[in-house]
Amino acid sequence: MELVDSHVHLQDYGQGIDVSEVVSQAAEAGVATLVCNGTNENDWWTVLDYAGKLPGVLPCLGLHPWFVSERSSGWFSTLEELVRTTNCGIGEIGLDRLYQNIDRPLQEESFRLQLELARRYERPVMVHCVRAWGWLMDVLRSEDSIPQGMLIHSYGGSADLIKPLAEMGAYFSFSGKALFEGHSQSRRSLAAVPIDRLLLETDTPNMLPPERFRAVSVLSSEGKELNHPANLPAILSGIADFLGQTPDELSEILWQNAGRFFGPLKTHQEL
């Protein structure tokens with residue numbers, strides 16, 4: 001069983017954690033590919049460094065909505081040059097209404113610019129959306145389609161949005177969050193996703209799954225428990241059970257889905 005963790009942030013582990021060991025432990029657990037997402041100008045080169053040195057790490061570079069107010073005047077030209085000269089996806093980008101102090105017009109401007117970059121260089125897009133689903137739909141409906149498609153990471157929207165988003169070329173990734181008992185909306189949405197558009201993620205080092213799905217964890221220098229991509233097989237088993245499939249059946253479907261979506265970014269792994 002070979003798995004793809006469709007969304008991680010290895011660069012966010014911080015000091016004291018050996019990222020190469022994390023990647024090695026993930027591979028031993030059957031997680032062959034980790035899609036590592038940059039979020040701001042300060043971490044793009046770290047993501048590319050991991051992708052160049054560590055087997056199975058696929059890079060994505062983008063300006064996350066939380067960091068739009070911190071962008072430099074040359075952020076877009078820097079990002080475009082990196083996209084032009086490397087085989088990376090675009091992400092993590094998107095829209096977020098969780099925090100009131102984020103510049104919303106700047107979020108939308110940054111999002112639209114990066115969607116255009118994805119079209120220009122034909123790269124897949126990793127989309128973040130929190131409490132901004134109507135806004136996201138309005139933006140996407142006003143934009144041209146993205147040739148390589150988009151992945152809505154850790155999908156938190158309603159089941160009703162699955163069909164129109166899928167018609168726009170979206171894939172949907174779910175994390176261990178969907179396995180918490182109280183997340184009924186996540187489960188309704190998970191059940192509504194076309195099986196050929198489903199992917200799974202850990203969002204490492206964030207988004208710890210319920211305790212019974214934590215095969216491995218890491219402690220930060222402050223003693224905080226962090227997520228690990230080696231938890232993906234346990235998350236897969238929980239999601240497979242919910243969908244009425246065996247882990248082997250679902251893992252084969254997910255591998256095929258990942259090959260279609262992430263294929264343009266393949267480095268050390270043959271997807």
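A pocket, as the word is used here, is an open set of grid points with protein on both sides within 12 Å along at least five of seven lines. The exercises below concern a predicted model.

**Exercise 1. Find out how large the volume of the largest pocket is, and which residues line it.**

Solution. Begin with the volume, which for the largest pocket comes to about 470 Å³. Next, turn to the lining, which is made up of 21 residues, and look for those that lie nearest the centre of the pocket: these are Trp-66, His-128, Val-130, His-153 and Met-207. Then sort the lining by class, which gives eight nonpolar, eight polar and five charged residues. Finally, ask which element contributes the largest share of this lining; it is strand 5, covering residues 125–130, with three residues.

**Exercise 2. Describe the largest cavity and the elements that surround it.**

Solution. The count of cavities of 30 Å³ or more comes to one, and the largest cavity has a volume of about 70 Å³. Its lining consists of Glu-2, Leu-3, Val-4, Leu-199, Leu-200, Leu-232, Ser-251, Leu-254, Trp-255 and Ala-258. Two or more of the lining residues are given by each of strand 1 (3–8), strand 8 (198–200) and helix 9 (247–262). Of these elements, helix 9 supplies the largest share, namely four residues. Sorted by class, the lining of this cavity holds eight nonpolar residues, together with one polar and one charged residue.

**Exercise 3. Work out the order of the strands in the open sheet, and state which strands form its edges.**

Solution. Eight strands make up the open sheet, and they follow one another in the order 1-2-3-4-5-6-7-8 with parallel pairing. The edges are strand 1 and strand 8, each of which pairs on one side only. On average, and with direction ignored, neighbouring strands of this sheet are turned by 30° against each other.

As a closer look at one pair, take strand 6 (residues 150–152) and strand 7 (residues 170–174), which are joined in the parallel sense over three bridges. Within this pair, Ile-152 of the model stands opposite Phe-172 in strand 7. A helix can be added to the picture as well: helix 2, residues 44–53, packs on the sheet and touches strand 2 (31–37) and strand 3 (57–61), while its direction makes about 160° with that of strand 3.

**Exercise 4. Locate the cis peptide bonds at Glu-92 and Pro-205, and the positive phi of Ser-154.**

Solution. Start from the general rule that most residues other than glycine have a negative phi, and that most peptide bonds are trans. Against that background, the bond joining Gly-91 and Glu-92 is cis, with an omega of about 20°, and Glu-92 has its place in strand 4, residues 89–96. The bond from Thr-204 to Pro-205 is cis as well, with omega near 5°, and Pro-205 lies in the loop between strand 8 and strand 9 (218–219). As for Ser-154, its phi is near 45°, a positive value in a residue other than glycine, and this serine is found in the loop between strand 6 and helix 6 (162–167).

**Exercise 5. Decide over which residues the pLDDT is below 50.**

Solution. Consider the whole protein chain before any part of it: the average pLDDT is 95, and 98% of the residues score at least 70. The stretch sought is residues 267–271, where the pLDDT is below 50, although this stretch has 21 contacts in the model beyond near neighbours in sequence.

Notes
Residues numbered from 1 in each chain as written. Predicted model: local features only at pLDDT ≥ 70, side-chain atom pairs only at ≥ 80, totals over all residues. Heavy atoms only, no water. pLDDT = per-residue confidence, 0-100. Contact = heavy atoms within 4.5 Å. 1 Å grid on protein atoms, 1.4 Å probe; cavity = no way out; pocket = protein on both sides within 12 Å on 5 of 7 lines; lining within 4 Å. Points joined across faces, edges and corners; volume = space filled by probe spheres on them. Nonpolar A, V, L, I, M, F, W, Y, C, P; charged D, E, K, R; others polar. Pairing = 2+ DSSP bridges. Axes fitted to C-alpha atoms, helices over the stretch in contact; angles between N-to-C directions.
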